[in-house]
Amino acid sequence: MDPIWWLAYLALGGVVGIFAGLLGVGGGGIMVPILTSLFALQGFPHDTLVHVALGTSLAAIVPTSLASLRAHHRRGGVVWPVVRSITPGILVGTFLGTFLASHVPTSGLAIFFACFMAFVSLQMLINLKPQPSRTLPGAWGVSGVGLGIGGISALVAIGGGSLTVPFLTWCNVSMRRAIGTSAAVGLPIALAGAVGYLINGLGEPGLPVGALGFVYWPAVILMSSVSFFTAPLGARLAHRLPVSALKRIFAFVLMALSVKMLFTVLSG
């Protein structure tokens, strides 16, 4: 691999880590569109561009999610009974979601990703927060919600925060604990998603050297080696910078990246 790509993946990991710590978002919204463009420039097969970007993104999210989980747990921000109830559904939904994604054309995945990122961006722009109006359902109900969150997360390679946090706050979980619990839930999403994309890509013809299934490991290792350390930096910056204004800027960045990804994929 040309050294220029090494630098590109290291830089992307640094940016992803800072935004993850600063805004409490997963890296998939940034990684997937940029990875799609980088993979296209490297000559990866067009038919699997988005699949490899999704699998690689989820694998790279694993160490960042682990670091985030530990930080929130130390501050008592994780509701572990909810994590235990939602994880079985998360694991099944995410894993099965990768099988669905493997049968969806690259263009279809790109369109779905762009539409979902538009939804996430709208949440940030209008600061949408559902009013607490009910209590958490039973264990089966929470696991069922996890099934849906996992399935969608697998299709867009996110840690589930844009879905988990609104659900928990709607069920009268405080915002601080909802964010901490969402961080804990992000780990099984990333693990199940990465394994699922790895399995579904085995035997796929034309994948680049360094890929195992739909996971391109050189990018995973390089991005993770930086994001693991820049995420705490972003968390510290969150206490010094106007996060509400940065969220609006980030929303426009997400939309721009999604449009760029659509152009890359649909233009062939």
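This is a short tour of a predicted model, stop by stop.

**Stop 1: the main core**

Start with the largest nonpolar core, which has 66 residues. Select Tyr 9, Met 31, Leu 35, Phe 39 and Met 223; these touch the most other members. Now colour helix α3, residues 49-74. Helix α3 gives the most to this core, with 10 residues. Apart from this core lies another, of five residues. To find that one, pick Ala 59, Ala 194, Leu 198 and Val 215, which are among its members.

**Stop 2: Met 31**

Go back to Met 31 and show its surroundings. Which residues does Met 31 touch, not counting those up to four places away in sequence? They are Leu 12, Val 16, Ser 57, Ala 60, Ile 61 and Met 223. Met 223 is also one of the residues that touch the most other members of the core.

**Stop 3: Ser 57**

Step from Met 31 to Ser 57, one of its contacts. Ser 57 sits in helix α3. Is Ser 57 buried or exposed? Its relative accessibility is 0%, so Ser 57 counts as buried. Leaving aside neighbours within four places in sequence, Ser 57 is in contact with Gly 28, Met 31, Val 32, Leu 35 and Ala 157. Two names here return from the first stop: Met 31 and Leu 35.

**Stop 4: α3 against α5**

Keep α3 on screen and add helix α5, residues 106-126. Two packed helices are described by the angle between their axes and the distance between the axes. For α3 and α5, the axes come within 7 Å and cross at roughly 50°. The two helices are therefore oblique to each other. Select the residues that make the contact. From α3, take Leu 49, Val 50, His 51 and Leu 54. From α5, take Thr 106, Leu 109 and Ala 110. By type, the contact residues divide into five nonpolar, two polar and no charged.

**Stop 5: Asn 200**

Move to helix α8, residues 175-201, and select Asn 200. Asn 200 has 16% relative accessibility and, with the cut-off for buried at under 20%, counts as buried. Beyond its neighbours within four places in sequence, Asn 200 is in contact with Thr 98, Phe 99, Ser 102 and Phe 214. Show the polar contacts next. The Asn 200 side chain makes one with the side chain of Thr 98, at 3.3 Å. Another joins the side chains of Asn 200 and Ser 102, also at 3.3 Å. For a distance check, pick the C-alpha atoms of Asn 200 and Phe 113. These residues are 87 apart along the chain, and their C-alpha atoms are separated by 19 Å.

**Stop 6: Asn 172**

Select Asn 172, in the loop between α7 (161-170) and α8. Read its backbone torsions. Most residues other than glycine have a negative phi. Phi of Asn 172 is near 70°, a positive value in a residue other than glycine. Asn 172 has a relative accessible area of 48%, so Asn 172 is partly exposed.

**Stop 7: Met 1**

Finish at Met 1, in the segment before α1 (3-23). Met 1 is partly exposed, with a relative accessible area of 42%. What is Met 1 in contact with, leaving aside neighbours within four places in sequence? Trp 6, Tyr 9, Gln 42, Tyr 216, Pro 218 and Leu 222. Tyr 9 leads back to the largest nonpolar core. For a last C-alpha to C-alpha distance, pick Met 1 and Gly 180: 179 residues apart in sequence, 38 Å apart in space.

Terms used
Residues are numbered from 1 along each chain as its sequence is written. This is a predicted model: local features need pLDDT of at least 70, side-chain atom pairs count only at pLDDT 80 or more; totals for chains, interfaces and linings use all residues. Side-chain values use heavy atoms; hydrogens and water are left out. A nonpolar core is a set of buried Ala, Val, Leu, Ile, Met, Phe, Trp, Tyr and Cys residues joined through side-chain atoms within 4.5 Å. Buried means under 20% relative accessible area, exposed over 50%, partly exposed in between (1.4 Å probe, protein chains only). Helices (H or I, at least four residues) and strands (E, at least two) are DSSP runs, numbered from the N terminus. Contact means heavy atoms within 4.5 Å. A polar contact is a pair of N or O atoms within 3.5 Å; within protein, one must be able to donate a hydrogen and the other to accept it, and residues adjacent in sequence count only if both atoms are side-chain atoms. Axes are lines fitted to C-alpha atoms, for helices over the stretch in contact, and angles run from 0 to 180 degrees between N-to-C directions. Angles under 35 degrees count as roughly parallel, over 145 as roughly antiparallel, 65 to 115 as roughly perpendicular and the rest as oblique. Ala, Val, Leu, Ile, Met, Phe, Trp, Tyr, Cys and Pro count as nonpolar, Asp, Glu, Lys and Arg as charged, and the others, Gly among them, as polar.
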